[in-house]
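Subject: Structure for your review

Dear colleague,

Please find below the structure that I am handing over to you. I would be grateful if you would look through it alongside the notes that come after it.

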Amino acid sequence: MSNQSNDKGRAYEYICLQTLYSEINKFRSAEIIENSSLHAAERAWDTVNEKTREVLTISAKAAVATLFDMEPMIVEDDEDLLQLYIQPDTKGEVGDVRDIIIVRKDVIWEIGLSIKHNHFAVKHSRLGKSLDFGDRWFGVPCSLNYWEEIRPIFDYIDQEKQANKKWSELPSKAEDVYIPLLNAFVNEIKKANAENEGIPRKMVEYLLGQFDFYKVISIDNKNVTQIQTYNLRGTLNRASNKEQPKIIVPVSSLPTRIVSLEFKPGSDNTVELYMDGGWQFSFRIHNASTYVESSLKFDIQIIGMPASIISINCSWN
């Protein structure tokens, strides 16, 4: 992600937080908890131009009423204090993809929002010479066969890195790097799945995090803010003491088996994972820098979801 895209993403987090705070205070007391993540988001907000601020503000406002309809606990005035805060990015590294947390500690309740600006990516995980993706993704360390498969690939990468080569200067990047690395990745997942229970469920939990959440996506060119519901454990959509949710959010089941994992037809850098229950992901490997470096990044997208994960488009006025 470019610095400009990163700044817009953080700026969107900032205005979503401020908009929620302003709108919630029309119904009940709320406060924003100050931390370093808030300050970073505010600095990003200060860097974007006025036109961008207007668009982000309209986008944030469009989502609020729908969130309130799904979560009446947000606006219930029960004389306790509701708090909002932005989480540090490091939370994502330990299985929490939520950017904004809304919490009422007196009633042991909280929800989280994952905030996205103009992109739908799930994660940007890496493959590297010593990065054990199996252990991190689903708790099964990568096999000796995997390390043997990737060693010559990364030996070649290291050689080109020492020569200060650009990725664009490699004569056969796909054949020498992308395809064999993805083959090793696919083989290792299939092996772990054949020998261990729960790999599909653990993979989705890694990709989507350990907590239920709403994903709020600003799609600027369509004048739409999309809200996706990831209620995998049934913790979202709780009724308040005074009101039931106006929009019902179903609970979604995690997958139990891998149906297929193979290269996307016609592609040399993307594999697609199909699981039961409608779960589908794509994994596109790419170099995230101009010059050769010793790891490669995934752009991981959800290309299919269970019908119980609903997407609501909130159009801008």
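The notes below cover two residues and two pockets.

Please bear in mind that this is a predicted model.

Serine 218

This residue belongs to strand 7, which runs over residues 213-219. Is serine 218 buried or exposed? Its relative accessible area is 0%, and buried means under 20%, so serine 218 counts as buried. The side chain of serine 218 takes part in a polar contact of 2.9 Å with the side chain of serine 59. A polar contact of 2.6 Å also links the side chain of serine 218 to that of aspartate 220. Once neighbours within four places in sequence are set aside, the residues in contact with serine 218 are Tyr12, Ser59, Lys116, His117, Asn118, Val224 and Trp316. Serine 59 therefore appears in the account of serine 218 both as a polar partner and, as Ser59, in the list of contacts.

Histidine 286

Histidine 286 is found in strand 11, which spans residues 280-286. With a relative accessible area of 17%, histidine 286 is also buried, because the cut-off is under 20%. Which residues does histidine 286 touch, not counting those up to four places away in sequence? They are Tyr178, Leu296, Lys297, Phe298 and Asp299.

The largest pocket

The volume of the largest pocket is about 1100 Å³. Its lining is made up of 36 residues, and those nearest the centre are Asp89, Lys116, Val122, Lys123 and His124. Several elements each supply at least two residues of this lining: helix 1 (3-24), helix 4 (90-93), helix 8 (199-208), strand 4 (109-117), strand 5 (121-123) and strand 7. Which element gives the most to the lining of the largest pocket? Helix 1 does, with five residues. Sorted by class, the lining of the largest pocket holds 14 charged, twelve polar and ten nonpolar residues. Strand 7, one of the contributors to this pocket, is the strand in which serine 218 lies.

The second largest pocket

The second largest pocket holds about 160 Å³ of space. The residues that line it are Arg98, Trp109, Glu110, Ile111, Gly112, Phe211, Asp212, Arg233, Gly234, Thr235 and Arg238. By class, five residues of this lining are charged, three are polar and three are nonpolar.

When you open the model, you may wish to begin with serine 218 and its polar contact with serine 59, and then turn to the lining of the largest pocket.

Yours sincerely,
A colleague

How values were computed
Residues numbered from 1 in each chain as written. Predicted model: local features only at pLDDT ≥ 70, side-chain atom pairs only at ≥ 80, totals over all residues. Heavy atoms only, no water. Helix = DSSP H or I, 4+ residues; strand = E, 2+ residues; numbered from the N terminus. Buried < 20%, exposed > 50% of the residue type's maximum accessible area, 1.4 Å probe, protein only. Polar contact = N/O pair within 3.5 Å; in protein donor to acceptor, adjacent residues only side chain to side chain. Contact = heavy atoms within 4.5 Å. 1 Å grid on protein atoms, 1.4 Å probe; cavity = no way out; pocket = protein on both sides within 12 Å on 5 of 7 lines; lining within 4 Å. Points joined across faces, edges and corners; volume = space filled by probe spheres on them. Nonpolar A, V, L, I, M, F, W, Y, C, P; charged D, E, K, R; others polar.
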